[in-house]
Amino acid sequence: MTSPVVLAHQARINRVCDFIVQNLNDEHTLERLSQVAALSKYHFHRVFLTSTGLTVIKFVQLARLKRASFRLAFEPEKRVLDIALEAGFDSSEAFSRAFKRTFMQSPSQFRTEPNWPNWHCVFAEVKNQQRLQIPAQLCVEVVDFPKTRVGLIEHRGAPERIFETTAQFINWRKSSGLSPINSSQTFGIVFGDPNATKAADFRFQLACSVQKMISDNAFGVVNGVIAGCKCAKIIHHGSLDAMEPAIYALYRDWLPSSGYELGEQPLFFEYLNFIHQVDECDLRTYIYLPLS
């Protein structure tokens with residue numbers, strides 16, 4: 001068990017990390033960040049480094065490059081120069097050097113054929129070095145999820161390659177017009193814990209609500225149904241990579257005292273907005289745990 005004192009100390013650093021991610025376009029001064037942490041500015045840098053494994057400057061740059069990578073992959077209409085300026089670089093050349101140094105691909109290479117496994121390695125290393133997870137505070141609602149007709153595509157294999165399947169799904173959605181993103185629901189259905197499943201056995205389905213049957217297509221999207229069921233429902237705010245504490249807390253803390261039993265269906269998510277629409281810190285996701 002991590003002591004309350006350690007958790008309280010870590011909460012200060014988590015607060016700073018969240019502040020940075022929520023204000024990526026701002027200049028982050030030592031004075032301001034040390035105030036957010038409620039720490040002396042003479043010690044803040046060392047405390048941040050020992051808690052996260054990163055300097056503040058590196059943390060800010062990685063957060064901006066992460067946003068830039070999503071811009072490149074999923075917003076083809078945006079110019080590289082505009083993405084570079086948004087990321088805080090004075091020129092596309094400086095942006096390209098930093099991007100390639102981080103992801104081993106130039107921005108144009110990443111836009112054309114992103115190496116998602118390598119991208120995940122960069123942020124997995126950061127995640128392993130970074131902060132302790134503070135136990136999730138849950139606000140659980142038990143709801144009746146209605147039977148929903150969907151179009152779905154299944155990803156099989158390493159979780160690090162899910163964005164490749166995501167790109168196929170997005171392209172189908174744009175070309176077919178059968179599930180407009182602004183007026184249809186979008187789901188993720190996860191078969192097992194990616195942390196405890198061999199890469200070759202991992203399954204994840206991306207789905208969206210549809211009103212009509214889907215015909216055969218080159219993208220591999222097929223007809224499907226999310227069965228109606230009773231669910232425990234919570235909302236997650238922020239990065240999809242940070243949902244684990246809330247998910248584990250549902251199983252560990254809420255379920256045993258809830259009086260409910262687990263249902264047969266797998267855990268699933270409903271994505272209320274997307275990384276190409278908002279910054280990562282503003283993502284909103286419903287987490288549904290099926291019950292019997």
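In the protein chain, 70% of the contacts (heavy atoms within 4.5 Å) with a separation of 6 or more join residues 24 or more positions apart. The model is a predicted one, in which local features need pLDDT of at least 70 and side-chain atom pairs pLDDT 80 or more, while totals for chains, interfaces and linings use all residues. Residues are numbered from 1 along each chain as its sequence is written, and side-chain values rest on heavy atoms, with hydrogens and water left out.

Turning to overall dimensions, the C-alpha atoms fill a box of roughly 60 × 50 × 35 Å along the principal axes. The radius of gyration of the chain, taken over C-alpha atoms, is 20 Å, which agrees with the value near 19 Å for a compact globule of 292 residues (2.2 Å times the number of residues to the power 0.38). Of these 292 residues, 42% are buried, that is, under 20% relative accessible area with a 1.4 Å probe, protein chains only.

The chain holds 10 helices and eight strands, assigned as DSSP runs (H or I, at least four residues; E, at least two) and numbered from the N terminus. Helix α4 (residues 56-74) and helix α6 (residues 92-103) have axes that come within 11 Å and cross at roughly 95°; axes are lines fitted to C-alpha atoms over the stretch in contact, and angles run from 0 to 180 degrees between N-to-C directions. The two helices α4 and α6 are therefore roughly perpendicular (65 to 115 degrees). On the α4 side, K58, Q61, L62, L65, A68, S69 and L72 meet F95, A98, F99, T102 and F103 of α6.

Terms used. Angles under 35 degrees count as roughly parallel, over 145 as roughly antiparallel, 65 to 115 as roughly perpendicular and the rest as oblique. Buried means under 20% relative accessible area, exposed over 50%, partly exposed in between (1.4 Å probe, protein chains only).
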